[in-house]
Amino acid sequence: MGNDQSDCSHVYGGRMTMTGRIVKGIGGFYYVLCSDGLYTCKAKGLFRLDKTKPLVGDIVDIDVIPGEDMVGNISNIHPRTNELIRPNVANADQALIIFALVSPEPNFVTLDKMILQYKAQDIPVIICFNKEDLASENMAAEVADDYRDSGCRIFVTSAREKEGIDDLQAILYGKTTVVAGPSGVGKSSIINCLTGSDLQKTGEISQKLARGKHTTRHSEIIPIKDNTYIIDTPGFGSFDLFDIATEDLSGYYEEFKEYTACRFMPCSHTHEPGCGVKDAVDLGRISKRRYENYAYIYEELERSRRY
Ligand SMILES: Nc1nc2c(ncn2[C@@H]2O[C@H](COP(=O)(O)OP(=O)(O)O)[C@@H](O)[C@H]2O)c(=O)[nH]1
Ligand SMILES: [Mg+2]
Ligand SMILES: [Zn+2]
C-alpha cells in the first residue's frame, strides 16, 4: 500500500485536516487511524456528492472538529487500489486463508471456494494450515502438496507452539492482508502471535459469543507494525460462488494451465474424452483432491445456473 500516514496534518484557514485510514465502520461512524490517534468520524455530505460509501481500508482526509476530543468528518476518500465485495473492504493487497489441519477437520471444498472467491477478485492468496502440532507429519506434507501448484503460497504453522509464525510475519510485512477462515481454526490465536498481544479473544468463549445475539460482526483493521495491517473479517456461513461462470472456473486453477490442450474445445474437464486435465490427474501431475473438488464445484455452479 505504501500509504504514509506520518506528517499529515494541515491547517487551512483555521480548519485542520488529517489523513488516516478507516479501521472500522459501525452504525454510521467511521474510526479513522491517524498519526496522533483514532478519530471518530462521520461522512456528512460525501454520499450526496458522488455516492461513494467509505469502506474499511480506505485512506481518507478528515476535517477535525475543533473543541471536540478526536472527532472528525470525512471530507475525501483517496483513490482505491481495489475494492473487495466479500468482505466489502478497500485497498487489500492479499488474502490469508487460515485452515486447521485437524480440529476442526478441514473442508477442502470450502477452502477451494474461498481461494476462488479471492482469485476472481484478483487478490493473491496465501494459505496457512494451522495446528501442525496436532497433525501427523504425513498429513501436513500431503495437504501442502495438494496446494503446491495452486498459485497460492503455503505456510504450515502452530500458533500454540509458535511455529512458522516468523515466516508468516515476513510475507505480511508492508502489506494489508485480509484474513479469513472457518471458526476454530486459530485465526485469533495467529493474529495474537503476529501482534504479540492478547487483544483477540480466542477459544470457546469467542465462539459462543459469535453464535449468540451479536452475530453482526464487522471487518476491522488491526495494525501489526508500520504499514502492515491485517483485516479481520466476519465469519462466513454457507458459501455462494458469486460472479463465477462455469466456463471461467477452470481458469482459476493454476495447476490446470499446462494441461488444457484437450480434444474438445471448450472442455469443461469433467466428462469429455481426451481431456488433458483428466489425463494429468491420472498421471499424478495434478492433485486428485483439487481436481475432484473442482468437478464438484463445477457441478454445483451448473446446478445453480439451471434454477
Ligand atoms: N493445538 C493447537 N490449538 C490451537 C492452535 N491455534 C489455536 N488453537 C486453539 O484452537 C481454538 C480456537 O482458536 P481461535 O484462535 O479462537 O480460532 P478462531 O475461531 O479461528 O479465531 C482455541 O482453543 C485455541 O487455543 C494450534 O496451533 N494448535
Ligand atoms: Mg476468532
Ligand atoms: Zn479438458
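**Exercise 1. Two helices**

How are α4 and α5 oriented to each other: roughly parallel or roughly perpendicular? Work this out on the predicted model, then describe the contact.

Solution.

Step 1. Locate the helices. α4 covers residues 165–172, and α5 covers residues 187–195.

Step 2. Take the axes. They come within 10 Å and cross at roughly 75°.

Step 3. Apply the cut-off. Angles of 65 to 115 degrees count as roughly perpendicular. α4 and α5 are therefore roughly perpendicular to each other.

Step 4. List the residues that meet. From α4 come Ile 165, Leu 168, Gln 169 and Leu 172. From α5 come Ile 190, Cys 193 and Leu 194.

Step 5. Sort them by class. The contact has six nonpolar residues, one polar residue and no charged residues.

**Exercise 2. Burial in the two helices**

Name the buried residues of α4 and of α5, then say what α5 packs against.

Solution.

Step 1. Start with α4. Its buried residues are Ile 165, Leu 168, Gln 169, Ile 171 and Leu 172.

Step 2. Move to α5. Here Lys 187, Ile 190, Ile 191, Asn 192, Cys 193 and Leu 194 are buried.

Step 3. Find the partners. The buried residues of α5 pack against α4 and against the strands β7, β8, β10 (176–180), β11 (220–225) and β12 (228–232).

Step 4. Look just past each helix. Gly 174 follows α4 and has a positive phi, near 80°. Gly 196 follows α5, and its phi is also positive, near 65°.

**Exercise 3. The zinc site**

Which residues coordinate the zinc ion (ligand 3), and what arrangement do the donor atoms make?

Solution.

Step 1. Identify the donors. They are Cys 262 (SG), Cys 267 (SG), His 269 (ND1) and Cys 275 (SG). The distances run from 2.1 to 2.4 Å.

Step 2. Read the spacing along the chain. The donors follow C-x4-C-x1-H-x5-C.

Step 3. Check the angles. Four donors count as tetrahedral if all angles lie between 85 and 135 degrees. The angles around the zinc ion (ligand 3) are 102 to 115°, so the arrangement is tetrahedral. For comparison, the ideal angle for four tetrahedral donors is 109.5 degrees.

Step 4. Check burial. The cut-off is under 20% relative accessible area. Cys 262 has 8%, so Cys 262 is buried. Cys 267 has 11% and is buried. His 269 has 4% and is buried too.

**Exercise 4. Backbone exceptions**

Where are the cis peptide bonds that precede Pro 104 and Pro 266, and what sign does phi have at Lys 131 and His 269?

Solution.

Step 1. Recall the background. Most residues other than glycine have a negative phi, and most peptide bonds are trans.

Step 2. Take Pro 104. The bond from Ser 103 to Pro 104 is cis, with omega near 0°. Pro 104 sits in the loop between β7 and α2.

Step 3. Take Pro 266. A cis bond joins Met 265 to Pro 266, with omega about 0°. Pro 266 belongs to the loop between α7 (246–249) and α8 (276–282).

Step 4. Turn to phi. Lys 131 has a positive phi, near 65°. Lys 131 lies in the loop between β8 (125–130) and α3 (137–146).

Step 5. Finish with His 269. Its phi is positive as well, near 60°. This zinc donor is placed in the loop between α7 and α8.

**Exercise 5. Pro 106 and Met 16**

Is Pro 106 buried or exposed, and what does Pro 106 contact? Treat Met 16 afterwards.

Solution.

Step 1. Place Pro 106. This residue is in the loop between β7 (94–100) and α2 (108–119).

Step 2. Judge burial. The relative accessible area is 14%, so Pro 106 is buried.

Step 3. List contacts. Leaving aside neighbours within four places in sequence, Pro 106 touches Phe 99, Ala 100, Leu 101 and Met 139.

Step 4. Compare sequence and space. Pro 106 and Pro 182 are 76 residues apart in sequence, and their C-alpha atoms are 9.0 Å apart.

Step 5. Repeat for Met 16. Met 16 belongs to strand β2 (residues 15–26). With 29% relative accessible area, Met 16 is partly exposed. Ile 62 is 46 residues away along the chain, with a C-alpha separation of 8.3 Å.

**Exercise 6. The whole chain**

How many helices and strands does the protein chain have, and what share of its residues is buried?

Solution.

Step 1. Count the elements. There are nine helices and twelve strands.

Step 2. Take the burial total. Of 307 residues, 47% count as buried.

Step 3. Look at contact range. Among contacts with a separation of 6 or more, 64% link residues 24 or more positions apart.

How values were computed
Residues are numbered from 1 along each chain as its sequence is written. Chains are lettered from A and ligands numbered from 1 in the order in which they are written. This is a predicted model: local features need pLDDT of at least 70, side-chain atom pairs count only at pLDDT 80 or more; totals for chains, interfaces and linings use all residues. Side-chain values use heavy atoms; hydrogens and water are left out. Axes are lines fitted to C-alpha atoms, for helices over the stretch in contact, and angles run from 0 to 180 degrees between N-to-C directions. Helices (H or I, at least four residues) and strands (E, at least two) are DSSP runs, numbered from the N terminus. Angles under 35 degrees count as roughly parallel, over 145 as roughly antiparallel, 65 to 115 as roughly perpendicular and the rest as oblique. Contact means heavy atoms within 4.5 Å. Ala, Val, Leu, Ile, Met, Phe, Trp, Tyr, Cys and Pro count as nonpolar, Asp, Glu, Lys and Arg as charged, and the others, Gly among them, as polar. Donors are N, O and S atoms within 2.8 Å of the metal (3.2 Å for Na, K and Ca); water is not among the atoms, so sites may look incomplete. Four donors count as tetrahedral if all angles lie between 85 and 135 degrees; four count as square planar and six as octahedral if opposite donors are over 155 degrees apart and all others between 65 and 115; anything else is irregular. Buried means under 20% relative accessible area, exposed over 50%, partly exposed in between (1.4 Å probe, protein chains only).
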